[in-house]
Amino acid sequence: MSDDLPEEFDLIVVGTGFTESCIAAAASRIGKTVLHIDANEYYGDAWSSFNLEAFNCLLEQPNFTLRNGSYIWHGPESKEENEEMEIVSWTRETLLEKSRRFSLDLSPRVAYSDGELVKLLIKSNICRYAEFRAVDHVCILSNDELVSVPCSRSDVFNTKMLTMVEKRMLMKFLTACNDYKEEDELSFRGRTFLEYLQAQRVTDKIGTCVMQAIAMCDANTSFEVGMQRTNRFLGSLGRYGNTPFLFPMYGSGELPQCFCRLCAVFGGVYCLKRSLDGITQAEQSNELLVSSAGKTLRAKQVVCAPAQLPASLARHYGELKPHISRGLFIAASPLGNEELNKGGGGVILLRLLAEEGAREACLLQLAHYSGTCPEGLYIFHLTTPAISEDPSADLAAFTAQLFQANAPQILYSAYFTLTAQTIPKTSTAMPICCTAAPTYELDYDAAIANARDIFDKLYGEAEEFLPRAPDPEEIVVEGEDPSALREHSLPEDLRAQLQQMDIAE
Amino acid sequence: MHGRVKVRTTEEERERKKKEQVLKMRAYRAAMTRIQIKRSSGELDDELLNLTVQILLRNPDVSTLWNIRRECVLAKTAQLQQAMQAQEKAPAPKASEQTEKEEEEKEQEQAKEEGDGDKKSATYSEQLQTVYATELDLTEQCLMVNPKSYNSWHHRCWTLEQNPEANWQRELQLCNKYLKFDERNFHTWDYRRYVSAKAAVPAEQELDFCTEKIKVNFSNYSSWHHRSLLLPKLYPNELKERPMSEQKLKQELEMVLTAAFTDPNDSSAWFYQRWLLGGGVQREESAEIVAFRCWPHKAELALKTSCPEMVQLKIHLISAQNSLELDNWLPMDANKTQWECGSIDLHANSNYILESDGQRLPLSVHPKDESLYCFVPPHSISTSCSKELLAELQTQLKSCMDLLDYEPDSKWTLLTSALLMRAIDVDKYHEQSLAHLIKLEQVDALRQGYYQDLAQRWNMEIALAKWPETKHFPLVFEMPGKMKRTPYVQYLIVADAIIECD
């Protein structure tokens, strides 16, 4: 690796996960010089996506963020074994042949169409690097069957799940939530959302839809939180598709890279396969001396992903504990009926409950239109907060609900644990900011809040967090009169017309 | 600050825009002047066509320019057609006495010429198609700028009409595409009806398309309207008492109520439902006689709806002995629903029948002065409908009442349930439907006058329907309450006295 890097930076960011990339981009946008490094040879850290082969390698070699990895092939190894079957189906060989067509997320997420992430992408103009697919269905499990929850007005109109009066009830309930203001409904303050729902005289079927899919509540969720979640769901409806969610094309691993790209456009320097080896305070200045790959760099500030801390510092941050249990399945047939998977299927989101609502998991089913797998295959991502070191045991309660009745043709299954440290609130050991590991959430709200917090801590609240990046035509080249109208910026046909006129004159 | 990108300020951006505007204006003026000059000197050529393109692409609604384009296209096509005809008529050169060798050569040449000729005529018709294609492309581009540009749609129709080889299937695809972008653009729906008629698209297929669009977004007057045109053709009602066959009507009622329940504040579904519930929409709109009275010196006639000209209406008084045509009718009111005519040669003690356009009405003798009269109330109290449809109407009414339980102030539900009641049994539900109107006056005060008017109509309808059974019929009619402007007033020509209540 060529090492003609500059040796002084305003900020060194270690780890290219979502949160770190966000901070790097924000700092670079306000004119800070940024060095962004990652010990891994890929972008994204615990937020990354992998092709099938690389994913298997990762599971075989545990690292700081990922452990307890395992995978099993369920289908036949190769075609020879499979000769008696008439239809040529998928084998281990054919899957591996298409390895590069997979984009397997460690931390799959969806985004609310009007949520924090989408707002941030639009506000910062990073959206031009990103591409999304609207989630096709938000589902609930009803008698072991996947049922699409009617979200939009046309869904409610077309659904056969509800009677005419139920349709009215659901629409009325949702409209009431949408119009809800803090000062209304004082009587439900301090009570649960379930109590509020029951007071609205809705039927059981509607109650299930609202609790499981729309408000995403359990029996203990407070009225205020339930209302807030319902409104988040409703506020994101009707923006991009039939459901309120978006899924990043080619996987969630694309998103950190969008932020990195913006950082690089504004002068950020990138270096992969480079770890943070040590860090000390410089004498007689506030600067930090960062040693990496045998070199010492000077930085005013350092932000680091917890898993990439040097061993000497990591002990200050407590031990690594299982944080999220993940399951990943590749199947040759989808979950849910044909109606749900029309035209080859898209993206389906399903929130699962177990132990009477005490535990929950999130299922994302991806078809090839999401850009994450070859045509004819489906990926199921299962995510739940970890309760043990055994991810498959953690998820057993959910896989049982999903796969027993529906029995999709699973070809491959993998399990792993994502870890996190218990970070002490006041860590004065080093003047270094640590980001939080990915939490269990649907969207990126917590990660963005974390990035914004750290940014504010570094640069104060007066600095804007990711202001809009100008489009190329808005940028004034040095020495140019900013109010001059150059010919090449005119619309083409007008230019041609004017040229013709000049010739005629 | 160092390292920060310099971006134009809004002030600088405004200045740039201004400069651009000036240039645009200059280009526009120059092009317009040039167009006027060329047109007045009759130069309807390609240059003129190109000049209009530049302006139309920015503003597709300059009618003048489209007119000029049409002149150019007509000039161009006329030229091409002339050239084609000239070629067809061109006589083959006659063979004269020549040596064999020369003749052979000549033949070869001729063959060559003929080949050229074929090629040329092919290029002529190809050129013709290119002219039309250019126009279609331009309208398509203009519709991208403004999808509701009347001029562009019109020009597209005009171009297709000019071309005997127009590709209507392609136009249908275009409609599909545009309705995907905006399923509510009534221009596109209108154009679709025009195109599907030309392309002879089966009505079933159109109905399926229409259903698909309603599924996407039912808040769409255009697609409901499209349905209302297709259904009576596809599922005709034998008795013409309902807009379509009862079986289909049942399905439609179910679908539209689902839409209405999903969003009761969306008026489009309710309007469609009212059309579905309206009876006899299919009846030919010919004048219908509702009351008649005649004395030896004159006759009075009342029609259901106003009739501007009585000439077409042949009205006969028929008895066993003779048939009498009544003519020279004069209007008695401004609405032209009441007419009178002069003396009639009536034979006493004969049974007369009034006949007109398929209507045959037996006349009775008036107890007062032995004049002859007949009377047909506006709506019969018991509407005839099949058991299945009645069951559907009752289910719908039940759903509406359930909904009112839940939302007692829902305007459209109140009105629709009242209409449903009247469709099921006017007499039984009369009071209850009026109660709904009174409630509506409160919850929808802006349309108070409308509801009052509707209540008066309904009161009058039932009073007229029940009148023949009262003992004072046809001498005295008792008005049902106070009326500002009496509806159905023409029905009362058979009455001698009208009593107003307080």
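Visitor: What makes strand 6 of chain A and strand 10 of chain A count as a pair?

Guide: In this predicted model, strand 6 and strand 10 (residues 245-248) of chain A are joined by 2 bridges in the antiparallel sense, and because at least two bridges are required for strands to pair, these strands qualify. One of the contacts that can be followed by name is the bridge from A:Ala111, whose partner in strand 10 of chain A is A:Leu246.

Visitor: Why are strand 6 and strand 7 of chain A called edge strands?

Guide: The open sheet they belong to has 3 strands in the order 6-10-7, with antiparallel pairing. Strand 6 (111-112) and strand 7 (132-134) of chain A each pair on one side only, and they are therefore the edge strands.

Visitor: What makes the pairing in the sheet of 8 strands in chain A mixed?

Guide: That open sheet runs in the order 4-19-15-18-17-16-8-9, and its pairing is mixed. Its edge strands are strand 4 (66-73) and strand 9 (145-148) of chain A, and the twist averages 20° from one strand to the next. Strands of a sheet pair through backbone hydrogen bonds, either parallel or antiparallel. Here strand 8 and strand 16 of chain A pair in the parallel sense over 3 bridges, whereas strand 16 and strand 17 of chain A pair in the antiparallel sense over 8 bridges. Another antiparallel pair is strand 17 (residues 359-366) with strand 18 (residues 378-385) of chain A, joined by 5 bridges.

Visitor: Which residues stand opposite one another in these pairs, beginning with A:Cys139?

Guide: A:Cys139 has A:Leu350 in strand 16 of chain A as its bridge partner, A:Ile348 stands opposite A:Gln365 in strand 17 of chain A, and A:Leu364 is matched with A:His381 in strand 18 of chain A. Strand 16 and strand 17 of chain A also form a hairpin with 4 residues between them, and in its turn A:Glu355 has a positive phi of about 50°.

Visitor: How do you know that A:Ile12 is in contact with residues beyond its neighbours in sequence?

Guide: Two residues are in contact if their C-beta atoms lie within 7 Å, and, leaving aside neighbours within four places in sequence, A:Ile12 is in contact with A:Leu35, A:Val290, A:Leu297, A:Ala299 and A:Val302. A:Ile12 is also among the residues with the most contacts inside the largest nonpolar core, which has 179 residues.

Visitor: What makes the core that includes B:Ile315 a second one?

Guide: The core of 32 residues that includes B:Ile315, B:Leu363, B:Ile493 and B:Val494 is separate; a nonpolar core is a set of buried residues joined through C-beta atoms within 7 Å, so a separate set counts as a core of its own.

Visitor: How do you know that chain B touches chain A, and which helix gives the most?

Guide: There are 33 residues of chain B in contact with 26 residues of chain A. Helix 1 of chain B gives the most to that side, with 9 residues, and the residues of the side divide into 13 nonpolar, 7 polar and 13 charged.

Visitor: What is chain B made of, and how is chain B divided?

Guide: Chain B holds 15 helices and 12 strands, and buried residues make up 28% of its 502 residues. The chain is divided into domain 1 (11-82 + 126-166), domain 2 (202-277), domain 3 (289-375) and domain 4 (387-469), and the C-alpha centres of domain 1 and domain 2 of chain B lie 40 Å apart.

Key: Residues are numbered from 1 along each chain as its sequence is written. Chains are lettered from A and ligands numbered from 1 in the order in which they are written. This is a predicted model: local features need pLDDT of at least 70, side-chain atom pairs count only at pLDDT 80 or more; totals for chains, interfaces and linings use all residues. A residue is buried if 20 or more other C-beta atoms lie within 10 Å of its own, exposed if 12 or fewer, and partly exposed in between; C-beta atoms are placed from the backbone. Ala, Val, Leu, Ile, Met, Phe, Trp, Tyr, Cys and Pro count as nonpolar, Asp, Glu, Lys and Arg as charged, and the others, Gly among them, as polar. Domain bounds come from an automatic or database domain assignment. Axes are lines fitted to C-alpha atoms, for helices over the stretch in contact, and angles run from 0 to 180 degrees between N-to-C directions.
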